[in-house]
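Colleague: Could you take me through this structure step by step? I would like to begin with the sheet and then move on to the helices and the charged pairs.

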Amino acid sequence: MICCLFNRFLKVNNIYHNSRFCCWNKIKENAVLQNKRMFKSAVFSLEEASKDKIQEFLNSFDTVLSDCDGVLWINNNAIPGSADVMNYFRKIGKRVFYVTNNSTKVRADFAIKAQELGFIAEPEEILSTAYLVAHYLKGIGFKKKVYLIGSNGIGDELKAVGIRHIGIGPDNVKPDFKSMTTADLDPEVGAVVVGFDEHVSYPKFMKAASYLANEECLFVATNTDERFPKSSTIIVPGTGTLVRAVETCSERKALVLGKPNDYVRKFLESFGLDPARTLMIGDRCNTDIEFGVRCGFQTLLVLTGVTSTKDLEKMRSERKDPLPDVVLPKLGSLLNLVS
């Protein structure tokens with residue numbers, strides 16, 4: 001019945017016979033690829049797998065995409081064993097990419113940080129949201145100025161593609177802050193970009209909302225992560241906190257470029273990845289694992305970042321998506337399983 005309806009749709013829409021079968025076969029092919037994932041949303045502990053099963057798992061992917069904060073390092077400290085595993089992937093012939101929602105650095109600086117912490121990494125292998133913002137705006141031919149609630153990472157990536165920007169740094173609250181007028185706004189601004197900004201302030205929210213009152217002004221955000229991976233009991237609010245604030249006061253919705261949204265997937269397609277043979281490693285279910293599931297990648301969750309064992313158990317008991325295919329206490333545990 002479904003086949004008949006699908007074929008009728010193609011016929012009514014004047015789609016050629018060969019294209020019809022090509023398209024239908026593609027749908028069936030994608031369904032088969034999804035079913036071939038070894039541990040589809042099984043939340044399977046790799047520590048419980050046999051040596052043969054571990055080897056089968058390693059043989060099931062050619063490309064590794066890994067989040068950074070909470071998976072490979074926290075702040076400026078490498079998580080023990082993570083560099084050994086990422087370098088081991090290269091040793092056995094895997095392609096490696098670092099996919100991070102962190103917008104505070106340019107790709108070259110991320111590569112330097114990774115190298116200093118023991119990872120083999122090149123700038124071309126880093127996919128950061130700061131780079132994605134610049135890539136997106138350049139790709140649509142943006143010529144105006146950006147008002148940026150963010151850091152030098154985004155600013156430097158914008159500068160590298162010839163896009164002007166303002167807004168980086170402190171914009172302190174003044175006693176008469178409510179007296180702000182249009183004279184305080186730059187008429188050349190055509191986009192508001194929100195990333196992580198340690199200098200966020202009320203005047204910045206006022207300016208962002210005022211620019212966005214113009215419907216032609218673009219509204220772009222790097223990511224909506226609620227908080228940073230923690231190494232102590234102190235919670236560090238993430239970029240999502242700032243994005244939601246600007247969305248609220250501007251009554252606009254941002255185009256979000258980072259994980260788990262579609263723009264990252266479209267960008268990665270240019271590398272010719274085979275989704276069924278790609279592994280996404282992350283520490284956060286609602287970004288990293290969600291991204292992997294949407295793209296049809298295999299997914300590995302490590303419990304060294306945001307999603308805790310307690311969080312995962314609750315999600316599993318409630319069968320709340322997205323669930324990872326496999327789980328490890330930390331990425332470094334994998335090396336013990338293959339040695």
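Modeller: The answers below concern a predicted model.

Colleague: What is the order of the strands in the open sheet?

Modeller: The five strands of this open sheet run in the order β8-β7-β9-β10-β11, and their pairing is parallel. The edges are formed by β8 (165–166) and β11 (255–256), each of which pairs on one side only.

Colleague: How do strands of a sheet hold on to one another in general?

Modeller: They pair through backbone hydrogen bonds, in either a parallel or an antiparallel sense.

Colleague: Let us look at β9, then. How many bridges does β9 share with strand β7?

Modeller: Strand β7 (residues 145–149) and β9 are joined by five bridges in the parallel sense. Two of the partnerships can be named: K145 has V189 of β9 as its bridge partner, and L148 has V193.

Colleague: And how many bridges are there between β9 and β10?

Modeller: There are four bridges between β9 and strand β10 (residues 218–221), again in the parallel sense. V192 stands opposite F219 of β10 there.

Colleague: Is β9 mostly covered or mostly exposed?

Modeller: Strand β9 (residues 189–194) is mostly covered, with six of its six residues buried.

Colleague: Which helix belongs to the β-α-β unit with β9 and β10?

Modeller: That is helix α8 (residues 202–212), and the unit it makes with β9 and β10 is right-handed.

Colleague: Changing topic, what is the span of helix α9?

Modeller: Helix α9 (residues 239–250) has 12 residues and reaches 17 Å from its first C-alpha to its last. That is close to the 16 Å expected at 1.5 Å a residue.

Colleague: Which residues of α9 are buried?

Modeller: They are T239, G240, L242, V243, V246, E247 and S250. These residues lie on the same side of α9, because they cover an arc of only 160 degrees around the axis.

Colleague: What do the buried residues of α9 pack against?

Modeller: They pack against β7, β9, α8 and β10.

Colleague: What follows α9?

Modeller: E251 follows α9, and the phi of E251 is positive, near 55 degrees.

Colleague: Now the charges. How many salt bridges does the structure hold?

Modeller: It holds 17 salt bridges. As a general point, side chains of opposite charge can pair when their charged atoms come close.

Colleague: Which residue of α9 meets E247 in a salt bridge?

Modeller: The partner of E247 is R244, at 3.0 Å from N to O. The two are three residues apart in helix α9, so about one helical turn separates them.

Colleague: Is E247 buried or exposed?

Modeller: E247 counts as buried because its relative accessibility is 9%, under the 20% cut-off. R244 is partly exposed, with a relative accessible area of 43%.

Colleague: What about K204 and D197, are they buried or exposed?

Modeller: K204 and D197 are both buried, and their side chains meet in a salt bridge of 2.6 Å, N to O.

Colleague: Where is the salt bridge between E269 and R265?

Modeller: Both residues are in helix α10 (residues 262–269), four residues apart, so about one helical turn lies between them. Their closest N and O atoms are 2.8 Å apart. E269 is partly exposed at 49% relative accessible area, and R265 also counts as partly exposed, at 24%.

Colleague: Which residues do shared salt-bridge partners join into one network?

Modeller: The network consists of K145, R164, D186 and E188. K145 is also the residue paired with V189 of β9.

Technical notes: Residues numbered from 1 in each chain as written. Predicted model: local features only at pLDDT ≥ 70, side-chain atom pairs only at ≥ 80, totals over all residues. Heavy atoms only, no water. Buried < 20%, exposed > 50% of the residue type's maximum accessible area, 1.4 Å probe, protein only. Pairing = 2+ DSSP bridges. Right-handed = clockwise from strand over helix to strand, strands pointing away. Expected span 1.5 Å × (residues − 1). Arc of directions from axis to C-beta. Contact = heavy atoms within 4.5 Å. Salt bridge = Lys/Arg side-chain N within 4 Å of Asp/Glu carboxyl O.
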